[in-house]
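User: I have a structure open and want to go through it with you. Can we take it piece by piece?
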Amino acid sequence: MEFKGRDIISIRDFTREEIDYILRTAGKTEQMEASQEQLNLLQGKFLGITFFEPSTRTRLSFEAAMKKMGGGIIGFGEPEMSSVKKGETLADTIRVVENYVDALVLRHPMEGSARLAADFAEVPVINAGSGAEEHPTQALLDLYTIYKEKGQIDGLEIGILGDLRYGRTVHSLSYALANYKVTLHLISPPELRMRREVFWDIKGKIQVEQAENVEDVISRLDVLYVTRIQKERFPDPAEYERVKGAYKIDGELLAKAKPELIVMHPLPRVDEITPEVDQTRHAVYFRQVRYGLITRMALLGLVMGAL
Ligand code: NCD
């Protein structure tokens with residue numbers, strides 16, 4: 001399977017076979033990393049980081065992944081530090097930065113931004129979040145987390161809870177899961193229901209059920225994926241005020257869950273999972289961060305032709 005030179009813009013650009021191949025490559029990368037094997041596969045290569053929106057995990061994990069593989073990074077974590085501040089367009093910024101690097105990671109508030117960047121760049125472009133649209137590398141690390149923690153993806157009942165309207169991670173994850181034999185429970189207050197285009201796309205492929213309260217479905221779930229309400233994407237602050245605090249995962253709720261339920265979260269969390277949950281066997285969201293590092297190492301190795 002050929003990944004060298006490929007863009008990662010939408011998870012929909014990948015077949016199940018390709019996704020499974022990426023997950024297997026992540027598995028091998030994890031073993032290499034654990035056995036301290038020679039990981040200098042990307043020596044002499046550079047990754048460009050162009051982030052026009054805040055980030056902790058995504059940016060740091062791409063940087064750590066690149067350095068662990070022996071490569072270098074350049075770029076900016078906020079547009080204030082670049083010529084964007086002087087009025088340079090995204091297309092120009094991309095056409096400049098690509099001269100210094102072997103691949104580019106872009107995070108941008110506009111939908112369609114990553115696709116636009118890929119149209120202008122010769123080097124592979126990796127979408128690290130395009131507005132409320134997609135976040136494909138997060139979906140891949142989410143799948144890897146499920147695979148590692150549950151041993152398989154097929155056959156699971158998976159709940160996705162929270163801001164299904166503005167959350168890009170849940171859009172990419174839903175598209176990705178539509179390749180597997182899963183039952184998907186979309187759980188949200190009515191105001192935050194799944195984006196229509198995503199809903200109709202996945203509905204024809206897998207069993208999809210909608211619920212307003214997590215209490216109603218918690219006992220059936222093998223995986224519960226919790227998300228933050230994307231306050232910054234609400235066009236109207238009053239709308240946010242109406243839905244904030246609409247759901248909470250705590251010990252009382254989890255008492256009704258299967259003992260082997262795993263609770264995931266792309267992070268950052270605000271108040272949707274209480275800290276008491278961190279100590280329970282259900283909580284995998286901090287391990288998920290580590291799986292993210294591994295998955296991004298694998299992805300960089302693949303698109304740069306080293307794995
Ligand atoms: C997410 C994002 O940026 O979309 N964070 C991440 O990459 N792990 C989720 C969020 O901001 O809520």
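Analyst: Lys 244 and Glu 241 form a salt bridge, with their closest N and O atoms 2.9 Å apart. Bear in mind that this is a predicted model.

User: Is Lys 244 buried or exposed, or in between?
Analyst: Lys 244 is partly exposed, at 43% relative accessibility. Glu 241 is also partly exposed, with a relative accessible area of 46%.

User: How many salt bridges are there by this rule?
Analyst: The count comes to 24. One of them joins the side chains of Arg 12 and Asp 201, at 3.2 Å from N to O.

User: What does the pair of Arg 12 and Asp 201 tie together?
Analyst: Arg 12 lies in the segment before helix H1 (16-34), while Asp 201 lies in helix H7 (residues 196-203), so the salt bridge ties together parts that are 189 residues apart in sequence. Arg 12 is partly exposed, with a relative accessible area of 47%.

User: Which residues are linked with Arg 12 in a network of salt bridges?
Analyst: Asp 201 and Lys 205 are linked with Arg 12 in that network.

User: OK, on to H1. What does Asp 20 form a salt bridge with?
Analyst: The partner of Asp 20 is Arg 16, and the closest N and O atoms are 3.1 Å apart. Both residues lie in helix H1, 4 residues apart, which is about one turn of the helix.

User: Why would that spacing matter for which way they point?
Analyst: An α-helix has 3.6 residues a turn, so residues three or four places apart point the same way.

User: And is Asp 20 buried or exposed?
Analyst: Asp 20 is buried, with a relative accessible area of 19%, because the cut-off for buried is under 20%. Arg 16 is partly exposed, at 22%.

User: Staying in H1, what is Thr 25 in contact with?
Analyst: Thr 25, which is found in helix H1, is in contact with Ala 298, Leu 302 and Leu 307, leaving aside its neighbours within four places in sequence. Thr 25 is buried, with a relative accessible area of 8%.

User: Where does Leu 41 lie?
Analyst: Leu 41 lies in the loop between H1 and strand S1 (46-51). Leu 41 is partly exposed, with a relative accessible area of 33%. Its contacts, leaving aside neighbours within four places in sequence, are Met 32, Met 69, Ala 306 and Leu 307.

User: How far apart in space are Leu 41 and Leu 300?
Analyst: From C-alpha to C-alpha, Leu 41 and Leu 300 are 10.0 Å apart, although 259 residues separate them in sequence.

User: Switching to pockets. How much space lies in the largest pocket?
Analyst: About 430 Å³. It is lined by 23 residues, and those closest to its centre are Arg 107, Arg 168, Arg 228, Leu 267 and Pro 268.

User: Which elements give two or more residues to that lining?
Analyst: Helix H2 (57-68) and helix H6 (168-177) do. H6 gives the largest share, with 3 residues.

User: What about the chemistry of the lining, and which domains does it draw on?
Analyst: The lining residues divide into 5 nonpolar, 10 polar and 8 charged. At least three residues come from each of domain 1 (11-134 + 292-303) and domain 2 (136-289).

User: Last one. How many residues of H6 are buried?
Analyst: In H6, 10 of the 10 residues are buried, so the helix is largely enclosed by the rest of the structure. Among them are Arg 168, His 171 and Tyr 175.

Notes:
Residues are numbered from 1 along each chain as its sequence is written. This is a predicted model: local features need pLDDT of at least 70, side-chain atom pairs count only at pLDDT 80 or more; totals for chains, interfaces and linings use all residues. Side-chain values use heavy atoms; hydrogens and water are left out. A salt bridge is a side-chain nitrogen of Lys or Arg within 4 Å of a carboxyl oxygen of Asp or Glu. Buried means under 20% relative accessible area, exposed over 50%, partly exposed in between (1.4 Å probe, protein chains only). On a 1 Å grid over the protein atoms alone, a cavity is a set of points where a 1.4 Å probe fits but cannot get out, and a pocket is an open set with protein on both sides within 12 Å along at least five of seven lines; lining residues have an atom within 4 Å of a point. Grid points are joined across faces, edges and corners, and a volume is the space filled by probe spheres set on the points. Ala, Val, Leu, Ile, Met, Phe, Trp, Tyr, Cys and Pro count as nonpolar, Asp, Glu, Lys and Arg as charged, and the others, Gly among them, as polar. Domain bounds come from an automatic or database domain assignment. Contact means heavy atoms within 4.5 Å.
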